[in-house]
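User: I am new to this structure and would like to understand the reasoning behind the words used to describe it. Could we go through it step by step?

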Amino acid sequence: MMNDEVTIDPWGSSQSTDYSRIIEQFGLSSMDSVSITDPSRLHRRGIVFAHRELDMILEAKRLSNPFGVLTGLMPSGSMHMGHSMVIDQVNWFQQQGGDVTIAVADLESTATRGISLAEGRRIATEEYVSYYAALGLDPEKTNVYFQSERNIVQRLGFQLGKRTNLSEFEAIYGFDGATNLAHVQAPLVQAGDILHPQLEEYGGLRPIVVPVGVDQDPHLRLTRGLAAKTNWFNVSNAKMGLQIGVSVQEENSVIMGVESNGRVNKERQKEVFAKIVNAISNLGFSDIISNPKHGTVHIPSATPRDKGSLRMALLSLERSMGGMGLLAPSSTYHRFAVGMTGDKMSSSKPKTTLFLSDDAATAEKKIKKSFSGGQATVEEHRRLGGNPDKDVAYQYMMYFFEEDDAFLAEINEGYRSGKILAGEMKQMCIERATEWLTNLSEKKDETSHLVANFFE
Ligand code: TRP
């Protein structure tokens, strides 16, 4: 890999925060050009900064079509503020009408962290799901499952493994000959996690969005590629409009009219193309040009905005013909909140983060010691001003504790101009954090009877 490239390692301890480079290098779309009608705190503040094909979800919502949200948790350690950010997003999608599925990656944590399945179950329930209830997820519209218990997820992972190879894993994850094979299996099972909600028994074909920290993007790139490779039909840009192509594969060649000796069965091929035309006939195009000889169906009047509905219609067709009909997942990416010490937030280093279970006294101690964006002396601070972009207390108010945008802008300005001192910023953060954590702990008690419902 070239030295000036950003690397993203889902298991690594370092993290690039050069977000515009990340967008560019990995082909993410910026959130800047997305208009959201009812934005959450994380959207308004640019914390959710990028996405892949979020339009599939927004379009489904606009048309009142179903869509789903999927995320996963690694049962190890305790839930901290960074984890709560994902749940904030899940919450928002749930309020927008999405159904929610959450994978407990107990297979991944047993293989990569040495945590037994029984222990993983305890951690998931006590340290994570009980806080999901407290954070407001609706147990009636949320299903939490264990990887080890959902066969279909493992089976999908296995089946999809056929569509990739070690070279691709090397390219995506930087694996080499010494890589533990658990790290090869985990992403395949995770692809199973991400894709299975669209199977018939889990709600059927619909767009699924995966809100994640940007460290998980390699998994999404892999999963999107795997889904695309299974697809029997694909939609691409034509000189004019869009065109549909056919992907003949081992599994479907006979159905597609290619016999085992390689000869093309013209009748069968014609039937397939008639099916394609029929599948898209009620989408309102006036010009559908079927060309079985070239293996394409051309729609000159279609625009890129039509891609979504064409893909959905073709995936339904594929399913009716016996294929898996998997839609590549959409995703959103959030920035990482800094650790309290100014380094990466990590559950294995308690000083770097607030845990949802921290009491007021612990939170106060951590915030008092947190990395400050202030100047060395009061005199200098008054004269030069502080840096809220580096100040952990300010950052935690922005990411987690302060709902009021106007107030936040006010203290940002006050800090920058030197009017507000570092100690005062910390004091404000302590007050907000204490209130937030106390409230959460009360909610946790009130909602404890709901926890079991998340697993049904
Ligand atoms: N690998 C994720 C982590 O380390 C957990 C996970 C498992 C996950 N399956 C997922 C995340 C599906 C998002 C989507 O935290």
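User: What kind of unit do β3, helix α4 and β4 make?

Analyst: In this predicted model, β3, helix α4 (residues 81-95) and β4 make a β-α-β unit that is right-handed. The term right-handed applies because, with the strands pointing away from the viewer, the path from the first strand over the helix to the second runs clockwise.

User: How do you know that β3 and strand β4 pair?

Analyst: Pairing calls for at least two bridges between two strands, and β3 and β4 (residues 99-104) are joined in the parallel sense over six bridges. Within this pair, G68 stands opposite D99 in β4. Strand β6 (residues 208-213) also runs parallel to β3, joined to it by two bridges, and there V69 stands opposite V209.

User: Why is β3 called largely enclosed by the rest of the structure?

Analyst: A residue counts as buried under 20% relative accessible area, and five of the six residues of β3 are buried, so the strand is largely enclosed.

User: What makes the approach of E108 to the ligand a polar contact?

Analyst: The cut-off for a pair of N or O atoms is 3.5 Å, and an N or O atom in the side chain of E108 is 3.0 Å from a nitrogen atom of the ligand, so the pair qualifies as a polar contact. By that cut-off, Q190 qualifies with a polar side-chain atom 2.9 Å from a ligand nitrogen, and D193 with one at 2.8 Å. The protein buries 89% of the 370 Å² that the ligand exposes when taken alone.

User: Which element gives the most to the shell around the ligand?

Analyst: That is α9, with three residues.

Note on methods. Residues are numbered from 1 along each chain as its sequence is written. This is a predicted model: local features need pLDDT of at least 70, side-chain atom pairs count only at pLDDT 80 or more; totals for chains, interfaces and linings use all residues. Side-chain values use heavy atoms; hydrogens and water are left out. A polar contact is a pair of N or O atoms within 3.5 Å; within protein, one must be able to donate a hydrogen and the other to accept it, and residues adjacent in sequence count only if both atoms are side-chain atoms. Accessible areas come from the Shrake-Rupley method with a 1.4 Å probe; for residues, only the protein chains shown count as cover. Helices (H or I, at least four residues) and strands (E, at least two) are DSSP runs, numbered from the N terminus. Buried means under 20% relative accessible area, exposed over 50%, partly exposed in between (1.4 Å probe, protein chains only).
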